[in-house]
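Open the model in your viewer and keep the selection tool at hand. The stops below go from the whole chain down to one sheet and the helix beside it.

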Amino acid sequence: MIEGYSFGRIVIGGREYRSDVIVTPDGVLPNWRRREGHRLRVEDLEGLLDLSGLDALVIGTGYYGVMRVPEEAVEELRRRGVKEVIVRPTREACEAFNELLRRGLRVAAALHLTC
């Protein structure tokens, strides 16, 4: 569960992170970077997630929603087996992630913590 989020800071499983993170069913991958900082590409997730087994992938676009997620990236994630892709500003993404976990779904998140 994500226990707290504010600009540039997130608490997951009692541990604080101050850089973008990937949250998988197996744990947290800190210091997530994208090729184009404020634009998500599917390649930015490759090797980090087993996309084929996910019920949902929640993408947090930042406190103000600055990070862009092109529709073609969402479509490609679905083609690769992600049943549902949710794109929201990070505060809302954290809430969605927690709700999906409470429902017992296999979910991951890619969260941009600033802008």
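Start with the contacts across the whole chain of this predicted model. Among contacts with a separation of 6 or more, 66% join residues 24 or more positions apart.

Keep the whole chain selected and colour by secondary structure. The protein chain has 2 helices and 8 strands, and from the N terminus the order is β-β-β-β-β-β-α-β-α-β. With a radius of gyration of 13 Å, close to the 13 Å that the globule rule gives for 115 residues, the chain is as compact as a globular protein of that length. Rotate to see the extent of the C-alpha trace, about 35 × 30 × 20 Å along its principal axes.

Now switch on the surface. About 5,800 Å² is accessible, and carbon and sulfur atoms hold 44% of that area. Of the 115 residues, 47% are buried.

Next, select residues 2-6 and 15-17, which are strand 1 and strand 3, and add residues 9-12, strand 2. These 3 strands make an open sheet in the order 1-2-3, with antiparallel pairing. Strands 1 and 3 each have a single partner strand, so one side of each lacks a neighbour in the sheet. On average, neighbouring strands here are turned by 15° against each other, direction ignored.

Zoom in on strands 1 and 2, which are joined by 4 bridges. Pick Gly-4, and its bridge partner in strand 2 is Val-11.

Last, select residues 90-102. This is helix 2, which packs on the sheet and touches strand 1 and strand 2. The direction of helix 2 makes about 175° with that of strand 1.

Note on methods:
Residues are numbered from 1 along each chain as its sequence is written. This is a predicted model: local features need pLDDT of at least 70, side-chain atom pairs count only at pLDDT 80 or more; totals for chains, interfaces and linings use all residues. Side-chain values use heavy atoms; hydrogens and water are left out. Two strands pair if DSSP finds at least two bridges between them. Axes are lines fitted to C-alpha atoms, for helices over the stretch in contact, and angles run from 0 to 180 degrees between N-to-C directions. Contact means heavy atoms within 4.5 Å. The radius of gyration is taken over C-alpha atoms; the globule rule is 2.2 Å times the number of residues to the power 0.38. Buried means under 20% relative accessible area, exposed over 50%, partly exposed in between (1.4 Å probe, protein chains only). Accessible areas come from the Shrake-Rupley method with a 1.4 Å probe; for residues, only the protein chains shown count as cover.
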